[in-house]
Amino acid sequence: MSVAQLRKTMQFKARPLPDFSSPFKLDHSKALPVTQSVDFSLKTDARLGRALPVKDRQDAAAPAIRDFTGSLRAS
């Protein structure tokens, strides 16, 4: 069978376009409930223990800086 004859025997199989005159509307009564979030836990909390909040932390360099600034004022 030649290509021309094969093309004549093939059927056109295009699908019709959807009808956009009435857009799809959700049925809220059948909708699933909203997913609730779950609190996360970091692996470092389990390894190292929970970190202190920022307001409770002490800066390791703070005493040295205070001593340095105090010595500047004294001189």
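Which residues make a nonpolar surface patch of about 380 Å²? The patch is made by Met 1, Leu 6 and Met 10. The structure that carries these residues is a predicted model.

## Overall make-up

The chain has 75 residues, of which buried residues make up 1%. About 8,600 Å² of the chain is exposed, and 60% of this area is supplied by carbon and sulfur atoms.

Three helices and zero strands are present in the chain. Following the sequence, the pattern reads α-α-α.

## Confidence

Across the chain the mean pLDDT is 76. A pLDDT of 70 or more is reached by 76% of the residues.

Confidence differs between the elements: helix 1 has the highest value, at 88, whereas helix 3, residues 62-74, has the lowest, at a mean of 62.

## The annotated region

The UniProt record, an unreviewed entry, places the feature "domain: TPX2 C-terminal" at residues 3-29. In the model, the chain over residues 3-29 is 26% helix and 0% strand. The C-alpha atoms at the two ends of this stretch lie 55 Å apart.

## Helix 1 and the patch

Helix 1 covers residues 3-9, and Leu 6 is found in it. Leu 6 also belongs to the nonpolar surface patch, together with Met 1 and Met 10.

Is Leu 6 buried or exposed? Its relative accessible area is 43%. Buried means under 20% and exposed means over 50%, with partly exposed in between. Leu 6 is therefore partly exposed, because 43% lies between these two cut-offs. A residue in a patch needs over 30% relative accessible area, and Leu 6, at 43%, is over that value.

Definitions and conventions:
Residues are numbered from 1 along each chain as its sequence is written. This is a predicted model: local features need pLDDT of at least 70, side-chain atom pairs count only at pLDDT 80 or more; totals for chains, interfaces and linings use all residues. Side-chain values use heavy atoms; hydrogens and water are left out. Patches are made of residues with over 30% relative accessible area and no salt bridge: like charges are joined within 9 Å, nonpolar side chains (Val, Leu, Ile, Met, Phe, Trp, Tyr) within 5 Å. Accessible areas come from the Shrake-Rupley method with a 1.4 Å probe; for residues, only the protein chains shown count as cover. A salt bridge is a side-chain nitrogen of Lys or Arg within 4 Å of a carboxyl oxygen of Asp or Glu. Helices (H or I, at least four residues) and strands (E, at least two) are DSSP runs, numbered from the N terminus. Buried means under 20% relative accessible area, exposed over 50%, partly exposed in between (1.4 Å probe, protein chains only). UniProt positions are given in the numbering used here, feature names are shortened, and annotations may be inferred rather than shown by experiment. pLDDT is the predictor's confidence in each residue, from 0 to 100.
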